[in-house]
Amino acid sequence: MFGPKILVALAVLATAASASPTVGDYNKYRTWSDAIKRAKQDVAKLTLREKVVLTTGLGWGWAGYHGNPEFSTSNLAAGQFLLSPGWTGEQAVCVGNLGKDSPTGVRFGTKSSAFSSALNVAATFDRDLMRRRGEAMGEEFRGKGIQVSLQPCVNFMRTPNGGRGWEGFGADPYLQSENVVRNVHGVQSKGVQTTVKHYILNDDEYYRKSRSINIDMKTFHETYLRPFKAAVDADTTAIMASYNRINGVFSEQNPDTFSILKDELGFKGYVMTDWWGGHSTKEAALAGLDMQMAGGDNINDNLNSRYGDALIAAVNSGDVPISRVDDMVVRILSSYYKLGQDDGFPKTNMNVWNHTLDGMVDVQGDHKKVIRDVGAASAILLKNADGVLPVTSKKYKTIALIGFGAGPEEKDVQKFLDNFNFGSGWGYIDLYDNSGDGNHGDHGSLFTKDGIYGNIAQGWGSGTTYFPYLVTPLKAFSDKAGNKFVIKKSLSNYDLASAKKVAAESDIAFVFGSASSGEQYINYESSGGDGCTTNEYEQTHSNPGDRRNLTLWWNGDDLVNAVADSNKNTVVVLNGPGAFLMPWVDKVKAIIHHHFPGQESGNGLADVVFGDVNPSGRLPYTIAKKLEDYPALTTVPTDPYCSDKQTEWKDQVPYKNTDYSEGNYIDYRYYDKSGVEPLFPFGHGLSYTTFAYSNLGSKVVSSDLSNPKVTVTVDVKNTGDIAGWEVAQLYLGFPSVAGQPIKQLRGFDRSRISSGNTKTFSFDLEFDELSYWDGKYKVASGTYKVYVGASSKDIRQTGTFTL
């Protein structure tokens, strides 16, 4: 048994600490070559068992304190492993699910922030905000003593209803890549490792633990690998494998995808499984897996790892060469040294199992500022007929706020949050017993048992974090209103009579619609566990991670229609994980999509609504007119997971297959090819001012196909009366020999332009932007088409250049 008794501090490797690397700029830490040299020196001193310790997690639910090096059953923490060379006995390296996720902050952390979702930051199209958010998150992970953050997520919004699409950066590989680079640089600038996930093709939750994603290598390299390549180039230290199979072979033991990652892309860090994602010892080790997490074989087994004793036996039998284990440990240790975590890293101070033992270190700083800034910059004004927005005292005196999403009342916010944070099933406390009413813990508890609903500012599952507070739209609008406006409210989705009355009495009516989604293990509107239900109604209405449909939840569409029938100035505000169907689109004056903006939800929205911030958010995916217009959909079965025993996924044969037969033609690239007109296209978002584009120019700086560079410039003038932010987007059409979609995003920039002023936007196109896949990445000779505009469909200037 690979038990705790052998997990001792390896003090024999007391390595002298070097001068502390500078914190604050990712490229001022040690080079990979220096870090690898140090790691190899340490590995030479380790026994086989000591090496394997470093490759094997310690399981789930072990009581206590993350980072505690006293390896006894009373002290082991969930998802923790020891790195001991040169340590004083106070610091272990923590890679954890509890407290170590997530893409929205320190999961289950106390006195930490609930950041805007990755989809929100993608919607800003602003590299500075991407970096600032990463830096703030890095400060919080570091402040809690967390050395390895399990984020960011770069899986794609290939389908509009995939459960975890909101954890990633949208539907385009270039937008994903630009986001992941700033996230990695921001977080790692604070000395905290990033774990880019999930490698690869885990784009929805449907049978994620068993099915095979079948894909050709051209599509693999040109779309889905791109953000991982960008992350490797940005020096991410860790990557997490996905649960699913790729072309029939599980990700964590797939030699083809590991070879692409480590040999082709030159990844120097380590690859871990997703939690309990291991299926083998020999096959995984030889393929290239470096770490098995969380340790045991499943959530109820903390000791019987596919590595641990099994890996030791595989080495002793000759099935796995010791050189492969040495490589695992060098990769793990060099990542530790790369970011200078051996010198001055804070001691871990949080306890996810019992917050009464938590250090309660407040790591929030002034991070609410960047959360609010992202919230405002990510608010997407989809429609604004007749200039109904912004709200000013010259146009309106009374404002109606209608629907669950506006609230709850301030007196109920804490109860709503307590239920959302700690509801039935997860966390250190179960405040309300919601079993049977469709609520679940881990942010799947979307309303309290006594019927308190509210603003949904985050999805559910491991991509979430506790809210320290929530600024609701009701609170933020009331603060903005002061004595200039009268706020009327009806905070129910079902009381249509009240909604109509309040709307009719007001000059402008805001009606809130929402839905949610997340990870597979929470099946919303189901009393069954692990996504399985035998209740006939639940089998056809529940949402097992993925959304079953794209409608507004909780009577939302009827509510919108009722309000629109009662007030000519109706504004719809949407919160949710992605696209919605909008059968009422022609009945309302304005639509704002705000996705999951985090703790400052109401403030970011109010900043835009009242005109303090001119809206500039852009859709990071396409919204279709009807369901059948999407190129691909996630199919949720009518008997979610039960008939195939989803909880026994490791033995599921035959497995499901999903063919990515659309190839590179996902999202706007499909709509360009098919001619199907979307409701709102990729990159779309309105402003309160107007912009004119002119003077497109292209300059070939280098025509060397191995090192090309082209600079494209365009002038953008603010032709309106007020200052505003414009997001200029560059799309590129390739020579026919490359076999590419009609056009693809290859540049963007967000800039504030004063009324009457002109800004020259400049875009550099280099190898990554100009390359395609044909056995390797290469650049085609020929004529390229340049499209520059305000969205994928709103092209204002076109041109060409030749390489």
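**Helix packing, cores and backbone geometry in a predicted model**

Modeller: In this predicted model, helix 4 (residues 127-143) packs against helix 5 at an angle of about 40°, and their axes lie 7 Å apart.

Biologist: How are helix 4 and helix 5 oriented to each other, then?

Modeller: Angles under 35 degrees would count as roughly parallel and those from 65 to 115 as roughly perpendicular. Helix 4 and helix 5 are therefore oblique to each other. Helix 4 passes helix 5 in a right-handed crossing.

Biologist: Which residues make the contact?

Modeller: Helix 4 contributes Arg127, Met130, Arg131, Arg133, Gly134, Glu135, Met137 and Gly138. From helix 5 come Tyr174, Glu178, Asn179, Arg182, Asn183, His185, Gly186 and Val187.

Biologist: And how many of each class are in the contact of helix 4 with helix 5?

Modeller: By class, this contact has four nonpolar, six polar and six charged residues.

Biologist: Let us turn to the other helix pair. At what angle do helix 6 and helix 8 pack?

Modeller: Helix 6 (residues 217-224) and helix 8 (residues 255-264) pack at about 50°, with 13 Å between their axes. Helix 6 and helix 8 are therefore oblique to each other.

Biologist: Is that crossing left-handed or right-handed, and what makes the contact?

Modeller: The crossing of helix 6 and helix 8 is right-handed. Met217, Phe220 and His221 of helix 6 meet Thr257, Ile260 and Glu264 of helix 8. By class, three of these residues are nonpolar, two polar and one charged.

Biologist: Moving on to the interior: how many residues are in the largest nonpolar core?

Modeller: The largest nonpolar core has 87 residues, and those with the most contacts inside it are Tyr199, Ile200, Leu201, Leu225 and Leu745. Helix 5 (residues 173-188) supplies the largest share of this core, six residues. Apart from this core lies another, of 59 residues, including Met157, Ala515, Trp554 and Leu581.

Biologist: Leu201 is on that list. Where is Leu201 found?

Modeller: Leu201 is found in the loop between strand 2 (193-199) and strand 3 (212-214). Its relative accessibility is 1%, so Leu201 counts as buried, the cut-off being under 20%.

Biologist: What is Leu201 in contact with, beyond its neighbours within four places in sequence?

Modeller: Leu201 is in contact with Asn155, Ile213, Ile215, Phe220, Tyr224, Asn244, Ile246 and Tyr660. Phe220 is also one of the helix 6 residues in contact with helix 8.

Biologist: What about the phi of Leu201?

Modeller: Leu201 has a positive phi of about 75°, although it is not a glycine. Asp235, likewise not a glycine, has a positive phi of about 75°.

Biologist: Where does Asp235 lie, and is Asp235 buried or exposed?

Modeller: Asp235 lies in the loop between helix 7 (226-233) and strand 4 (238-241). At 23% relative accessibility, Asp235 counts as partly exposed.

Biologist: Last topic, the peptide bonds. What is the peptide bond from Leu389 to Pro390?

Modeller: The bond from Leu389 to Pro390 is cis, with omega near 5°. Pro390 sits in the loop between strand 8 (380-384) and strand 9 (398-402).

Biologist: And what about the peptide bond from Met293 to Ala294?

Modeller: The bond from Met293 to Ala294 is cis as well, with omega near 0°. Ala294 is found in the loop between helix 9 (282-287) and helix 10 (309-316).

How values were computed
Residues numbered from 1 in each chain as written. Predicted model: local features only at pLDDT ≥ 70, side-chain atom pairs only at ≥ 80, totals over all residues. Heavy atoms only, no water. Core = buried A, V, L, I, M, F, W, Y, C linked by side-chain atoms within 4.5 Å. Buried < 20%, exposed > 50% of the residue type's maximum accessible area, 1.4 Å probe, protein only. Helix = DSSP H or I, 4+ residues; strand = E, 2+ residues; numbered from the N terminus. Contact = heavy atoms within 4.5 Å. Axes fitted to C-alpha atoms, helices over the stretch in contact; angles between N-to-C directions. Parallel < 35°, antiparallel > 145°, perpendicular 65-115°, else oblique. Left-handed = near helix turned anticlockwise from the far one by under 90°. Nonpolar A, V, L, I, M, F, W, Y, C, P; charged D, E, K, R; others polar.
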